[in-house]
Amino acid sequence: MLVIKNLQASIGEKPILRGIDLAVPDGEIHAIMGPNGSGKSTLSYVLSGRADFTVTAGEVDFDGQNLLEMEPEARAQAGVFLAFQSPVELPGVGNANFLRTAVNAIRRARGEPELDAAQFLKAARAEAKRLHMPDDMLKRNVNVGFSGGEKKRNEVLQMTMLRPKLAILDETDSGLDIDALKIVGEGVNALRSEKFSALVITHHQRLLDHIVPNAVHVLAHGRIVRSGGAELARDLERHGYAQVIAEAA
Amino acid sequence: MLPATSASGFLARYDGLTRRLPGDMKRRSDAADILRSFGLPTRREEAWKYTSLAALADENFHEPLTEASGFGPDALPDLSGFEGVPRLVFAQGRLNVAQSVMPEKAIVRGFAQTADFGVLARPERDRLVALNTMLAEDGAIIEVEEGLDAGTLLIVSIGRDMAGTPTAFHPRHAIRLAPGAKLTVIEIFEGAGKYLHNPVTEIVVGARAKLVHLRLQNEAAAAFHLATIYADIAVGAAYEAFTLSIGGHMARTEIHAHLHGKGGHTALNAAQLLRGTQHSDFTTVVSHDAPNCTSRQTVKHVLAGKSRGVFQGKIEVARAAQKTDGYQMNQALLLSPDAEIDCKPQLEIYADDVKCSHGATIGELDPEQLFYLASRGIPAEAARALLVRAFLAEALDAVEDEAARSMLDSVIDRWWQNAP
């Protein structure tokens, strides 16, 4: 699915990613953990194609395609989805209209027939219900006036509607209460299949109780300093990053 | 010595036309005297600081010679959604009876027959109105009787040049609503070639009457559109205007709204979508002359290429106009580094118990928002269109008439599809 080799990226002159090597096979969910400023969010942005980062070295293969050469919209159409840490507000853009535009852009790119308004609304309402989102969230403007938890759930709604091959969840758990965390976990688990992989970026082990990862990687100073199984997350929770990173060094 | 922007071409045409023009020749010769003395406005005048009429003086405009009846139904713009709605069709400023469908509940007379100049126009101050007064040939005088809801009336204007020769026409319209009457007027301006369309509209909204006035300025790409509107709003009455300015090479809409009765209301909203070297000016003067009146203005500009948008909004609150509630917001979205917006809000307040606010924002499309849309697979062009639509929504949402809204939406969609 995803193979990252020696990925280096900077913002301006400042290097953030200093050589990331990571492979996420088909059907696997990998967690990325690490202290603030270690480069977790940068990795998610570089993979989804945000323009303010410069890739200075390395390569990223996504299902046989050179991801770094693709425009952000082409990456999304190819099946990459980023759940934003801070979802952007779009005043004046209705959530349903936005979501339908996205769903149909991706269906069009995949050569699938577009959904008409009725088909779309039926599907969106069903997904929203599964995520315990009130119906009016589809009518409101995208993320405008949403609480932190509502914004995160709206990201998960987009993910389930767009059916990506690779989902990158950038601290989707932050700002969520225990119930919402469970709902988000269920949303991700519902997508689990041999054709779905995910990178779950998180600070806490809690989300990983719901989404049990195949592997956990610790990112520090722009490099993966340690990798292990699901138990590594519990180690980190118990001993803290400092000790784990020190051991790795 | 002639003034900087001379009206000499128009004055010469007037001398040749005088016998043909209907109505009060004294008014026309007074207007001609004003133009002879002062010429057309120049940028040295405060009200014309951002809009130059110099290009008008470079053209040799001819009055249209084609008979209005020479325009067939194929000259009409797409009027789908307006089936069964009465319409007045003006071809080069003259009423084309064959293509028009007269309303049942409103009374319509032709200016060519009545030469009804009205009482609100100020040719001595507004020299484009002097130009109109001097040369006006035709127009629609529309009246709705007391208490009557006259529904919707379309006014369709078709401009044309004459085999490459630019034409000029100066229709003189009036819309008068008796107390308690209601009317929605939808004006559509279209055309081909180079021409000057210089309409003057006098609007009288009687006590507790309501006029909704929607204007789609979609003139030909080489055309000049210079419209002046005077609206008198009586006690408890409402004048709600919306202008979409998307066509023409050079355009100005100037609205003078006078709230002279207690509890009157006006909304002067506009959206301007410009590209290339288009210039469009939306100038308003709202005079609060009576207590408890409200005025609302939301003006949005979307500017691409080297286009230039202008908004001048003046709110005057007289000493007697206590409890005035005035609001004005001007927002511009610049899609290109070469586009320009000029914004001049002016508040003149002589009453002490008023609520008046104004604001202006100028910005570009937000790269964070664009990236968010791209990350959902939405192509760049569609993402920009979605955000521009969102930007315009607040102004367009004021258009309640469904057929008009859908016409405006499709014109805006086409603007995007034709974008360079």
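The axis of a helix is here a line fitted to its C-alpha atoms over the stretch in contact, and the angle between two axes runs from 0 to 180 degrees between their N-to-C directions. With that in mind, this report looks at a predicted model, for which the predictor gives the complex an ipTM of 0.96 and a pTM of 0.89. Chain B has an average pLDDT of 94, and 98% of its residues score at least 70.

**Two helices in chain A**

In chain A, helix H5 (residues 148-162) and helix H6 (residues 178-191) have axes that come within 10 Å and cross at roughly 10°. Because angles under 35 degrees count as roughly parallel, H5(A) is described as roughly parallel to H6(A). From H5(A), the residues Gly149(A), Lys152(A), Arg153(A), Val156(A) and Thr160(A) take part in the contact, and they meet Ala180(A), Ile183(A), Val184(A), Gly187(A), Ala190(A) and Leu191(A) of H6(A). Sorted by character, the residues of this contact comprise 6 nonpolar, 3 polar and 2 charged.

**The sheet in chain B**

Chain B contains an open sheet of 10 strands with mixed pairing, and their order is E2-E1-E5-E8-E11-E13-E15-E17-E19-E21. At its edges lie strand E2 (94-95) and strand E21 (355-363) of chain B, each of which pairs on one side only. Further in, strand E1 (residues 87-91) of chain B runs parallel to strand E5 (residues 149-160) of chain B, and 5 bridges join the two. One of the residues to look for is Val89(B), whose bridge partner in E5(B) is Val156(B).

Two helices of chain B also contact strands of this chain, as the table sets out.

| Helix | Strands in contact | Angle |
|---|---|---|
| H7(B), residues 380-396 | E15(B) (265-274), E17(B) (294-303), E19(B) (325-334) | about 160° to E17(B) |
| H8(B), residues 402-417 | E8(B) (182-192), E11(B) (210-217), E13(B) (238-245), E15(B) | about 20° to E11(B) |

Strand E15 of chain B is thus touched by H7(B) and also by H8(B).

**One residue in chain B**

Arg109(B) belongs to strand E3 (residues 106-110) of chain B. Is Arg109(B) buried, partly exposed or exposed? Since a residue is buried with 20 or more other C-beta atoms within 10 Å and exposed with 12 or fewer, Arg109(B), which has 15, is partly exposed. Leaving aside residues up to four places away in sequence, Arg109(B) touches Thr114(B) and Ile141(B). His173(B) lies 64 residues from Arg109(B) along the chain, and the C-alpha atoms of these two residues are separated by 9.9 Å.

Terms used:
Residues numbered from 1 in each chain as written. Chains lettered and ligands numbered in written order. Predicted model: local features only at pLDDT ≥ 70, side-chain atom pairs only at ≥ 80, totals over all residues. Helix = DSSP H or I, 4+ residues; strand = E, 2+ residues; numbered from the N terminus. Parallel < 35°, antiparallel > 145°, perpendicular 65-115°, else oblique. Contact = placed C-beta atoms within 7 Å. Nonpolar A, V, L, I, M, F, W, Y, C, P; charged D, E, K, R; others polar. pLDDT = per-residue confidence, 0-100. Pairing = 2+ DSSP bridges.
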